Amino acid sequence: MESPSKQVLLDLSPFKTGLAFRPFFWLGSVYLILALLVWLSFWRGNAPLQPLGGMVWWHQHEMLFGFVCAIVAGFLLTAVQTWTGLASLKGPALGGVVVLWLAARIVLAFPMGLDPVWPMILDVAFLPVVALVLANLVVRAKKWRNLVFVPVLLVLTGANFAMHWGQMHAIPQLVQASAHLTIWLIVSLIVLLGGRVIPFFTSRALNLNLAPVPNYYEKPAIISTLLLSVLMLVQVLGGSSPTWLLSLLLCGLIISNTARLVSWQPLRCWRHPLLWGLHLSYGFIIVGAVLWLLHIWQIVALDFAVHALTIGSMLAIILAMMARVSLGHTGRPMKALPGLSAALLCVFVAAVIRSLLPIWWPQWSLNAYQLSLALCLLAFSWFLIHYTVPLWSARVDQRPG
C-alpha cells in the first residue's frame with residue numbers, strides 16, 4: 001500500500017476539481033515563507049533579490065497584495081459557494097486565476113528589465129477578476145448582503161494601482177497612503193467576516209446561544225472601520241483627514257469592537273485553539289487602533305500600529321481561519337491539530353515583539369524585527385507541515401470540494 005505522502009504526490013485531482021481555498025492557502029503560505037526568508041536576509045545585510053521597486057516597497061506590497069489578498073481570494077471564492085448555493089470556481093477557470101496571481105509574484109520578484117507598467121497590469125488584474133466572479137454568483141443568487149465584498153475588492157484594486165503608481169513615479173507619500181488604505185480595507189474585511197464567523201463558530205463549538213450584539217455596538221463597529229477606510233482613500237486621492245475626525249473614529253472603533261468582542265465570550269474559548277486564535281486576532285484590531293490613535297497624538301511611531309494590525313490581526317486570523325477552513329472543507333473533524341496553539345502563540349508573540357517591545361526598548365529594535373520574522377516563519381512552516389496533505393488530498397467524506 002502506498003504511503004499517504006506518495007498518494008498525495010501522485011493525485012493532483014483535488015487541485016484540479018477542488019475549491020479555491022486549496023491552491024491559495026497552500027501557495028500563499030509557501031510564498032509567505034519565501035518572502036519572509038528574503039526579508040530576513042535583507043535585515044541581516046544580504047538581500048538575495050533585486051525586486052521591482054526595491055526591497056522595502058516589495059516587502060510592503062507583497063505582504064498585503066501578494067500574501068494577504070491571495071488568502072482573502074481563496075476564502076471568498078470558497079465561501080461564496082456556501083453563501084449562494086451556486087458552484088464557485090473550479091478546474092481550469094480557477095487554475096487561470098491562480099496562474100495570474102503567481103505570474104505577478106514572479107515578475108515583481110524578478111522584473112527581468114520589463115517596463116514597470118507590465119508587472120503593474122499583471123498584478124492589478126487579479127482582484128478585479130476575483131470581484132467579478134464573486135459579483136456574478138451573488139447577483140445570480142440574489143444574495144445581496146454578500147455584495148458588500150465586491151466594492152471592497154475594487155477599492156483594494158485602486159489601492160494596488162496607486163501603490164504601483166507611487167513607486168513608478170517616486171511618490172513615497174502615495175505609496176504610504178496606499179499601504180495604509182489597504183491595511184484598513186483588510187481590517188474592514190476582518191470586521192465584516194469576523195462578525196459572521198467568530199460568534200457562529202463559538203456558539204457551535206461551545207454549544208452556546210450567544211445573544212446578538214446590540215445595534216448600538218454592532219453598527220458602529222462596522223461603520224467606524226469602513227469610514228476609516230474612506231478617510232484613508234481621501235489621503236490616497238491627495239486630500240487630508242482632520243485629526244479630530246480620525247481620533248473620533250478610532251475611539252468609536254476601539255469602544256464598539258471591544259464591546260462586540262466581549263459579547264462573543266472570548267474567555268470561554270481558551271481550551272479551543274480553533275476559537276481563541278480567532279478571538280485574540282480580532283482583539284489585535286483594537287490594539288492596533290489604540291496605537292494608531294497614540295500616533296495621531298504623536299506619542300508612538302505609526303510603524304508600531306501598522307505591525308500590530310498586520311501581524312497580530314491579519315497574520316494571526318489568517319492562520320486561525322486556514323487551520324479551521326482546511327479541516328471543515330476537506331471533511332475532517334473540527335479538532336485542532338497538534339501544535340496549533342504553539343503556532344498561534346508564535347504569531348501573537350511576534351506581534352508583541354514587533355509592535356510593542358521597541359516602544360520601551362528601542363535599542364533592541366533590530367533584534368525584535370528578526371525574532372518576529374523567525375516566529376512567523378515557524379508558525380506558517382507548522383501550517384505547511386500539517387496541512388499540505390489535507391489540502392492536496394480528496395475530502396475524506398468523498399464529497400466534492
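**Helix packing, two threonines and the cysteines**

Helix α5 passes helix α7 in a left-handed crossing. The contact is made by V97, L100 and W101 on the α5 side. On the α7 side it is made by F126, V129 and V130. By class, these residues are six nonpolar, no polar and no charged. Keep in mind that this is a predicted model.

Now place these two helices along the chain. Helix α5 covers residues 91-109, and α7 covers residues 126-141. Their axes lie 10 Å apart and pack at an angle of about 160°. Angles over 145 degrees count as roughly antiparallel. Therefore α5 and α7 are roughly antiparallel to each other.

Between α5 and α7 in the numbering comes helix α6, residues 117-124. How do α5 and α6 meet? Their axes come within 8 Å and cross at roughly 150°. This angle also falls under the roughly antiparallel heading, so α5 and α6 are described as roughly antiparallel to each other. Their crossing is left-handed.

Look next at the residues in that contact. From α5 come L100, A103, A104, R105, V107 and L108. From α6 come P119, L122 and D123. They divide into seven nonpolar, no polar and two charged. L100 is worth finding on the structure: it takes part in the contact of α5 with α6, and it appears in the contact of α5 with α7 as well.

Go back towards the start of the chain for another pair. Helix α3 spans residues 21-43, and helix α4 spans residues 54-84. Their axes come within 9 Å and cross at roughly 165°. That makes α3 roughly antiparallel to α4. α3 passes α4 in a left-handed crossing. The residues in this contact divide into 18 nonpolar, six polar and one charged.

Two threonines come next. T157 sits in helix α8, residues 149-168. Is T157 buried or exposed? Its relative accessibility is 11%, so T157 counts as buried, since the cut-off for buried is under 20%. Leaving out residues up to four places away in sequence, T157 touches V124, L127 and P128. V124 falls within the range given for α6. L127 and P128 fall within the range given for α7.

T310 lies further along, in helix α13, residues 302-328. Its relative accessible area is 17%, so T310 is buried too. Which residues does T310 contact, apart from its neighbours within four places in sequence? They are I183 and L315. L315 falls within the range of α13.

Finally, turn to the cysteines. How many disulfides does a search of the whole structure find? It finds zero. C376 shows the spacing in one case. It is in no disulfide, and the nearest cysteine sulfur, that of C346, is 8.5 Å away. A disulfide needs the two sulfur atoms within 2.5 Å, so C376 and C346 do not make one. C376 has 3% relative accessibility, so it counts as buried. C269 is also buried, with a relative accessible area of 0%.

To retrace the route, begin at α5. Helix α6 crosses it in a left-handed way, and α7 does so as well. Then find α3 and α4, another left-handed crossing. End with buried T157 in α8, buried T310 in α13, and the buried cysteines C269 and C376.

Note on methods:
Residues are numbered from 1 along each chain as its sequence is written. This is a predicted model: local features need pLDDT of at least 70, side-chain atom pairs count only at pLDDT 80 or more; totals for chains, interfaces and linings use all residues. Side-chain values use heavy atoms; hydrogens and water are left out. Axes are lines fitted to C-alpha atoms, for helices over the stretch in contact, and angles run from 0 to 180 degrees between N-to-C directions. Helices (H or I, at least four residues) and strands (E, at least two) are DSSP runs, numbered from the N terminus. Angles under 35 degrees count as roughly parallel, over 145 as roughly antiparallel, 65 to 115 as roughly perpendicular and the rest as oblique. A crossing is left-handed if the near helix is turned anticlockwise from the far one by less than a right angle, and right-handed if clockwise. Contact means heavy atoms within 4.5 Å. Ala, Val, Leu, Ile, Met, Phe, Trp, Tyr, Cys and Pro count as nonpolar, Asp, Glu, Lys and Arg as charged, and the others, Gly among them, as polar. Buried means under 20% relative accessible area, exposed over 50%, partly exposed in between (1.4 Å probe, protein chains only).
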